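Visitor: I should like to request a close look at a single part of this structure. Please describe one helix and its surroundings, and explain each term as it arises.

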Amino acid sequence: MVRRKDGKETRGRLLDAALEVFAESGYRNAKVADICRRAGTNLAAVNYYFGDKANLYAEAWQHAFNACAGPISSSSAGLSPVQQLRLRIHNMMQDFTESSIRGQFTRLYLMELANPTGLIQDNWHELIEPQRQELIGIIRKIMGVNATDERVLFCEMSIINQCRALLTISRSDLKYLLGQPLSRELIKRWADHIIRFSLAGIQATGKRLKT
């Protein structure tokens, strides 16, 4: 019984550490040695419980999904498409800076969306694709019925990549580029800018389709 309990605790520490490292570095740049160091264990434990890095990544995803128990964004029922887009962007930007499991999950989500690994197909169909289709649907409603799939997808990727700047640029570089520390209030103003910029682009594209 003691051995089983210890094994469960070791596995749990590895999952927690893996989620942290994958959320910080992405799958390709994450090092199993770093995960082991944070978990206070060794490579043999990873091989024993998960087999390899790929399986550990998939298990970390499931671990995060179970902990969050639902979609990344808050409920937006009853809101207009513009209000839904505002809420979605604010949630993504705010979650990036959170050290909680939801913040880690948000970072994993956007890294996987922009650079698919092909390792989490079950999670993709269960969580990521429904979330993605919600955002695409919001954009399509704002743009209008004449919007082509390609134009809608271009707008989706534009929004996602604006938000991903928090992931792809180091905090020290962001401080230099923005001329001030990366505070929660600054991120809120940044999110407001992305919303205004994106809405203007989506609406302008929609108007061009009508003419």
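Guide: Helices here are DSSP runs of H or I with at least four residues, strands are runs of E with at least two, and both are numbered from the N terminus. Leu87 lies in one such helix, α5, which spans residues 81-96. The model is predicted, so that local features need a pLDDT of at least 70 and side-chain atom pairs count only at pLDDT 80 or more, whereas totals for chains, interfaces and linings use all residues. Residues are numbered from 1 along each chain as its sequence is written, and side-chain values use heavy atoms, with hydrogens and water left out.

Let us begin with the setting of α5. The chain contains 11 helices and 0 strands. Its C-alpha atoms fill a box of roughly 70 × 40 × 30 Å, taken along the principal axes. Of its 211 residues, 44% count as buried; buried means under 20% relative accessible area, exposed means over 50%, and partly exposed lies in between, with a 1.4 Å probe and protein chains only.

We now turn to the partner of α5. Two packed helices are described by the angle between their axes and the distance between the axes. The axes are lines fitted to C-alpha atoms, for helices over the stretch in contact, and angles run from 0 to 180 degrees between N-to-C directions. The axes of α5 and α8 (residues 149-163) come within 10 Å and cross at roughly 30°. The two helices are therefore roughly parallel to each other, a description used for angles under 35 degrees, while over 145 counts as roughly antiparallel, 65 to 115 as roughly perpendicular and the rest as oblique. The crossing of α5 and α8 is right-handed, meaning that the near helix is turned clockwise from the far one by less than a right angle; anticlockwise would be left-handed.

Which residues form this meeting? From α5 come Leu85, Ile89, Met92, Met93 and Phe96, and from α8 come Ile159, Ile160 and Cys163. By class, this contact has 8 nonpolar residues, no polar and no charged ones. Ala, Val, Leu, Ile, Met, Phe, Trp, Tyr, Cys and Pro count as nonpolar, Asp, Glu, Lys and Arg as charged, and the others, Gly among them, as polar.

In soluble globular proteins, nonpolar side chains tend to be buried together. A nonpolar core is a set of buried Ala, Val, Leu, Ile, Met, Phe, Trp, Tyr and Cys residues joined through side-chain atoms within 4.5 Å. The largest such core in this model has 62 residues, and those with the most contacts inside it are Phe22, Leu85, Ile89 and Met93. Helix α1 (residues 2-29) gives the most to this core, with 9 residues.

Contact means heavy atoms within 4.5 Å. Apart from its neighbours within four places in sequence, Ile89 touches Ile159, Cys163, Ala191, Ile194 and Ile195.

Other residues of α5 have some accessibility. Leu87 has 24% relative accessibility and therefore counts as partly exposed. Its C-alpha atom is 9.4 Å from that of Ile195, although 108 residues separate the two in sequence. Gln83 also belongs to α5, and at 40% relative accessibility Gln83 is likewise partly exposed. Gln83 and Gln180 are 97 residues apart in sequence and 29 Å apart in space, C-alpha to C-alpha.
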